[in-house]
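Here is a friendly walk through one protein chain, strand by strand and contact by contact. Have the structure open and follow along.

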Amino acid sequence: MGTDHHGGGVPGCGGNGEPELSDSLKTFGAVLKALRDEARLTQEEFAPRVSYSAAYVAKIEQGKRFPPRDLVDRCEDVLGPPAARVLGAAARSLTRKVGLASWFQHWAAIEEEAVSLYAYECRVIPGLLQPECYIRELFRRRLPPLSEDQCERQVDGRLARQRLLVERPNTEFCFLVEEALLRRGFGGPGVSRALLEHLLVQGDRRNVEIQVMPLERPDHYGFEGPMYLAESPDHRWAGYVEGHENSMLITAPKSSSAMLQRYGRMRAQALSHQDSMSLLERMRGAL
């Protein structure tokens with residue numbers, strides 16, 4: 001909600017998806033080379049105009065190096081806006097796959113087409129709602145440890161997935177989050193403040209509802225753990241559960257119906273969206 005778990009070192013956050021990433025890097029490199037060739041520029045001519053070395057550009061075109069975040073912007077002045085749009089589309093396709101474990105990518109594809117997306121988390125804030133500093137803190141604690149390059153790829157991948165909140169304005173997003181996650185102080189006061197501010201911004205979107213599950217709720221229906229639900233354009237429901245680099249996609253109507261029932265009960269037990277936003281504001285003010 002892969003190494004982009006829905007959560008943090010949890011759903012969508014395991015595995016490195018290297019075969020898929022390798023193929024995607026090669027595709028991006030081929031697109032860049034084709035656009036450069038179309039502009040009739042050699043690598044030696046092109047590289048200094050985008051402020052990189054020819055060797056660095058060659059590695060990107062060969063699919064051996066992940067493209068820098070500002071590459072598309074730098075290419076616009078050199079290759080022109082139409083070429084930059086093509087390259088930008090290739091970059092977005094690439095970053096969506098970064099950090100997505102192979103076992104998570106099927107669910108990620110379902111997410112991108114869903115008309116409704118529901119999430120319940122008791123481990124970490126759902127991935128679609130995490131601010132960048134929170135994401136970085138999660139991957140810093142990843143075991144076994146990630147290299148700096150791997151960490152950057154994971155961060156880029158999760159931030160790319162978060163575009164769903166903007167790019168799917170007609171999709172209904174609902175997030176149920178345990179209050180304990182907000183009070184844990186994960187990453188320290190600075191990260192906690194950034195998290196609360198980010199949740200308030202995202203919760204202000206017309207199609208996003210955030211509900212906090214109170215610390216005390218004796219009749220709690222979430223004891224079976226985190227869950228994710230998606231409604232397809234033809235109004236079929238699928239569920240998804242995961243943990244410790246394993247996942248299960250649930251498509252059987254009987255099973256997905258049971259998940260929907262549990263989720264409905266939890267929505268009724270949680271604070272309303274308005275009350276949840278008020279709680280977040282009070283928590284932010286107390287920091």
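Let us start in strand E4, where Leu229 is the bridge partner of Tyr118. The model you are looking at is predicted, and this pairing is a good place to enter it.

**Strand E1 and its neighbours**

Tyr118 belongs to a group of residues, Ser116, Tyr118 and Tyr120, that point one way from E1, while Leu117, Ala119 and Glu121 point the other way. Residues on both faces are buried. Put in terms of the whole strand, E1 spans residues 116-121 and is mostly covered, with six of its six residues buried.

E1 has strand partners in two senses. With strand E4 (residues 227-231) the run is antiparallel, and five bridges join the two. With strand E2 (residues 172-178) the pairing is parallel, over six bridges. On the E2 side, Phe175 stands opposite Ala119.

Just ahead of E2 comes a loop that starts after helix H9 (164-167), and Asn170 lies in that loop. Is Asn170 buried or exposed? Its relative accessible area is 71%, so Asn170 counts as exposed. Although Asn170 and Ala114 are 56 residues apart along the chain, their C-alpha atoms are separated by 9.6 Å.

**Aromatic contacts**

Back at Tyr118, the ring takes part in one aromatic cluster together with Trp237 and Tyr263. A charge joins in here as well: the charged end of Arg267 sits over the Tyr118 ring, 5.3 Å from its centre.

How many aromatic pairs does a search of the whole structure find? The search gives six. One of them is Tyr52 with Tyr56, whose ring centres are 5.3 Å apart; their planes meet at 45°, so the pair is tilted. Tyr52 has a relative accessibility of 16% and therefore counts as buried.

Tyr134 and Phe186 also make a tilted pair, because their planes stand at 50°, with the ring centres 5.1 Å apart. Tyr134 is in helix H7 (residues 132-140), whereas Phe186 is in the loop between helix H10 (179-183) and helix H11 (189-203), so this pair ties together parts that are 52 residues apart in sequence. Both Tyr134 and Phe186 are buried. Over the face of Phe186 lies Arg141, at 4.8 Å from the ring centre.

**Salt bridges**

Arg141 has a second contact to show: its side chain meets that of Glu137 in a salt bridge. The count of salt bridges comes to 17, and the table sets out three of them.

| Basic residue | Acidic residue | N to O distance |
|---|---|---|
| Arg161 | Glu111 | 2.9 Å |
| Arg141 | Glu137 | 2.6 Å |
| Arg183 | Glu179 | 2.6 Å |

Which parts of the chain does the salt bridge of Arg161 and Glu111 link? Arg161 sits in helix H8 (residues 148-161) and Glu111 in helix H6 (residues 105-113), distant parts of the chain that are 50 residues apart. Both ends of this bridge are covered: Arg161 counts as buried at 3% relative accessibility, and Glu111 is buried with a relative accessible area of 1%.

The bridge of Arg183 and Glu179 is placed within one element, for both residues lie in helix H10, four residues apart, about one turn of the helix. Here the two ends fall into separate classes. Arg183 has a relative accessible area of 46%, so it is partly exposed, while Glu179, at 10% relative accessibility, counts as buried.

The Arg141 bridge can be read in a similar way. Glu137 is buried, with a relative accessible area of 12%, and Arg141 counts as partly exposed at 43% relative accessibility.

Elsewhere, salt bridges join up into a network, which links Lys33, Arg36, Asp37 and Glu61.

**Cysteines**

How many disulfides turn up in a search of the whole structure? The search finds zero. Among the cysteines, Cys75 is buried, with a relative accessible area of 0%. Cys174 likewise counts as buried, at 0% relative accessibility.

**Drawing the threads together**

Two residues are worth keeping selected as you turn the model. Tyr118 has Leu229 as its bridge partner in E4, shares an aromatic cluster with Trp237 and Tyr263, and carries the charged end of Arg267 over its ring. Arg141, for its part, lies over the face of Phe186 and forms a salt bridge with Glu137.

Note on methods:
Residues numbered from 1 in each chain as written. Predicted model: local features only at pLDDT ≥ 70, side-chain atom pairs only at ≥ 80, totals over all residues. Heavy atoms only, no water. Phe/Tyr/Trp six-rings, centres within 6.5 Å; stacked < 30°, edge-to-face > 60°. Buried < 20%, exposed > 50% of the residue type's maximum accessible area, 1.4 Å probe, protein only. Lys NZ or Arg CZ within 6 Å of the ring centre and 35° of its normal. Pairing = 2+ DSSP bridges. Salt bridge = Lys/Arg side-chain N within 4 Å of Asp/Glu carboxyl O. Disulfide = S-S within 2.5 Å.
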